[in-house]
Amino acid sequence: MRPRAGPCGARPRSPPDEVSSTVLTYGLRPTGGTWREAALRERADHHMETHVTLRELRTLRLEMPPGTLVHVCENPHVVEAAADTGRTAPMVCTSGSTTTVVLTLLDALAASGCTFAYHGDFDWPGITLANRIMQRYGAESWRMRAADYEYLATRTQVRGAPQIALAGPPAEAVWDAELAPAMNALGIALHEEAALDLLLEDLG
């Protein structure tokens, strides 16, 4: 039955669902013994990405092998390329924001003893997002230092790639005090795909 309209004709709001919001994962091999964990391991073995809902995270047992390093990226293209080239490292993609489902997954992995390496866009929103992940989880920088930015900026210029101007208020990078000044000096924004070949090298 449909909910009845209120006194002013407005229907009461339904509680938020747990199935429409997902987090993109790849290569997760939890050690739990239910079919849910087995399904993730099987997809990882076949180099298939997996979208996990908040509802699934309520029931998954996300114990991982001790000391597992999970690579966290911002752009789904990195996961897509990792799957296409048969990389094996476990990955989580934020898809550009720290939504509840993303944080719920990362919290669960952190609780199981996982460590994180983070890479995102070299622009001010990207630095802000990276700060959140670095501070919340103590993640290490994954090719996100000033030297990495300068190398990639120079490479895009040499290759004649279209240049994207930095825009918006600057943000200091909590993991590297030299990164924001380097970005200000060159004034170039770099999307994560600019480093794709280097990131794939790291993913095994």
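These are my notes on two loop residues and one helix in a predicted model.

**Entry 1: His47.** I started with backbone angles. His47 isn't a glycine, yet its phi is positive, at about 55°. Where does His47 sit? I found His47 in the loop between α1 (35-45) and β2 (50-53). Then I looked up its accessibility: the relative area is 28%, so I wrote His47 down as partly exposed.

**Entry 2: Ser95.** Next I checked Ser95, a residue other than glycine with a positive phi near 55°. Ser95 belongs to the loop that runs between β4 (91-93) and α4 (100-111). Is Ser95 buried or partly exposed? Its relative accessibility is 46%, and because buried means under 20%, I put Ser95 down as partly exposed.

**Entry 3: the length of α5.** I moved on to helix α5, which covers residues 124-137. At 1.5 Å a residue, its 14 residues should span 20 Å, and the C-alpha atoms at its ends are 20 Å apart, so the two values agree.

**Entry 4: the ends of α5.** What caps the N-terminal end of α5? It's Asp123: one of its side-chain oxygens lies 2.7 Å from the backbone nitrogen of Gly126. At the other side, just after α5, I noted Gly138 with a positive phi of about 60°.

**Entry 5: the buried side of my α5 list.** Gly126 came up again here, since I was listing buried residues of α5; among them are Trp124, Gly126, Ile127, Leu129 and Tyr137. What do the buried residues of α5 pack against? I got α4, β5 (115-118), β6 (140-141) and α7 (179-186).

Notes: Residues numbered from 1 in each chain as written. Predicted model: local features only at pLDDT ≥ 70, side-chain atom pairs only at ≥ 80, totals over all residues. Heavy atoms only, no water. Helix = DSSP H or I, 4+ residues; strand = E, 2+ residues; numbered from the N terminus. Buried < 20%, exposed > 50% of the residue type's maximum accessible area, 1.4 Å probe, protein only. Expected span 1.5 Å × (residues − 1). Contact = heavy atoms within 4.5 Å. Polar contact = N/O pair within 3.5 Å; in protein donor to acceptor, adjacent residues only side chain to side chain.
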